[in-house]
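Hi,

Here is the structure I promised to pass on to you. Please have a look at it with the sequence alongside, and then read on for what turned up.

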Amino acid sequence: MITNYSDQEVLKGKKSIFLAGPTPRDESVISWRIEACKFLEENGFDGVVYNPEYSTLKPRGDYLDQVEWEREALSNASVIVFWIPRILPDMPAFTTNVEFGYWLHTGKVIYGRPDDARKIRYLDWLYKKDTNKDPYNNLDDLLRAAIDKANEIGVNTNNVVLPLDKRTIMTNNK
């Protein structure tokens, strides 16, 4: 397994899992991604894990570099795992909400959250509505499903973000 951090060039052309979800904003809060990477390694995942944190696990200073890295990695990921252990105020996951809605239609998303996560009812509903699947409530089960899906998909060859002029906007105009 190769862990590809956001302070490194995005690795392409390999089976991959992106770890989407809240990033701790305070160094005293331990990132859930540490446990996720350990689980993926111990369970034999042999692809790239996109971790949108610095390799030092310190917050990234340049916002624009960070979001550009994430968009490129999300586009290239075989599977996008959304784990949302939302805790207020330490891990609000506001950006995660937008990313979840943006990427859900790709068919690459697998979603979960612990039972005590806050303000996730809409995400649960949307995931169920669009995928006909219940969200996972256990990180290990979510990651097992991600490994299976990544092994099934292999290398993502559909890594183009649909441009706005190709999207359909629904209106009520009559």
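Helices here are DSSP runs of H or I with at least four residues, and strands are runs of E with at least two, both numbered from the N terminus. By that reckoning α4 is a helix covering residues 121–131, and the residue that comes after α4 is Asn132, with a positive phi near 60°. Please keep in mind that this is a predicted model.

**How far to trust it**

The mean pLDDT of the protein is 87, with 87% of residues at 70 or more. Strand β2 (residues 16–20) has the highest confidence, 98, while α3 has the lowest, at a mean of 90. Residues 169–174 are another matter: their pLDDT is below 50, and the stretch makes zero contacts in the model beyond near neighbours in sequence. Where pLDDT is low, the predicted coordinates should not be read in detail.

**The overall layout**

The protein has five helices and five strands, and along the sequence they follow the pattern β-β-α-β-α-β-α-β-α-α. Of its 174 residues, 45% are buried. Among contacts with a separation of 6 or more, 75% link residues that are 24 or more positions apart. The protein exposes about 10,300 Å², and 49% of that comes from carbon and sulfur atoms.

**The sheet**

In what order do the strands of the open sheet come? The order is β1-β3-β2-β4-β5, with parallel pairing among these five strands. β1 (2–5) and β5 are at the edges with a single partner strand each, so one side of each has no neighbour in the sheet. From one strand to the next, the twist averages 20°.

At the β1 edge, four bridges pair β1 with strand β3 (residues 48–51) in the parallel sense. There you will find Tyr5 opposite Asn51 in β3. At the β5 edge, β4 and β5 run parallel and are joined by four bridges, and Phe82 stands opposite Tyr111 in β5. Although β5 is an edge strand, both of its faces are covered: Val109 and Tyr111 are buried on one side, Ile110 and Gly112 on the other.

**The helices around it**

Helix α1 (residues 32–42) packs on the sheet and touches β1, β2, β3 and β4 (79–83); its direction makes about 160° with that of β2. Helix α2 (residues 63–76) lies across β1, β2, β3 and β4, and runs at about 135° to β2. Further along, β4, α3 and β5 form a right-handed β-α-β unit.

As for α4, its buried residues are Leu123, Asp124, Leu126 and Tyr127. Their cover includes α3 (94–103) and β5 (109–112).

**One residue to look at: Phe45**

Phe45 sits in the loop between α1 and β3. Is Phe45 buried or exposed? Its relative accessibility is 2%, and because buried means under 20%, Phe45 counts as buried. Leaving aside neighbours within four places in sequence, its contacts are Met1, Lys15, Ser16, Ile17, Leu40, Ile147 and Ala150. Asp148 is 103 residues away from Phe45 along the chain, yet their C-alpha atoms are separated by 9.2 Å.

Do write back once you have had a look.

Best wishes

Definitions and conventions:
Residues numbered from 1 in each chain as written. Predicted model: local features only at pLDDT ≥ 70, side-chain atom pairs only at ≥ 80, totals over all residues. Heavy atoms only, no water. Buried < 20%, exposed > 50% of the residue type's maximum accessible area, 1.4 Å probe, protein only. Contact = heavy atoms within 4.5 Å. pLDDT = per-residue confidence, 0-100. Areas by Shrake-Rupley, 256 points an atom, 1.4 Å probe, with all protein chains shown as cover. Pairing = 2+ DSSP bridges. Axes fitted to C-alpha atoms, helices over the stretch in contact; angles between N-to-C directions. Right-handed = clockwise from strand over helix to strand, strands pointing away.
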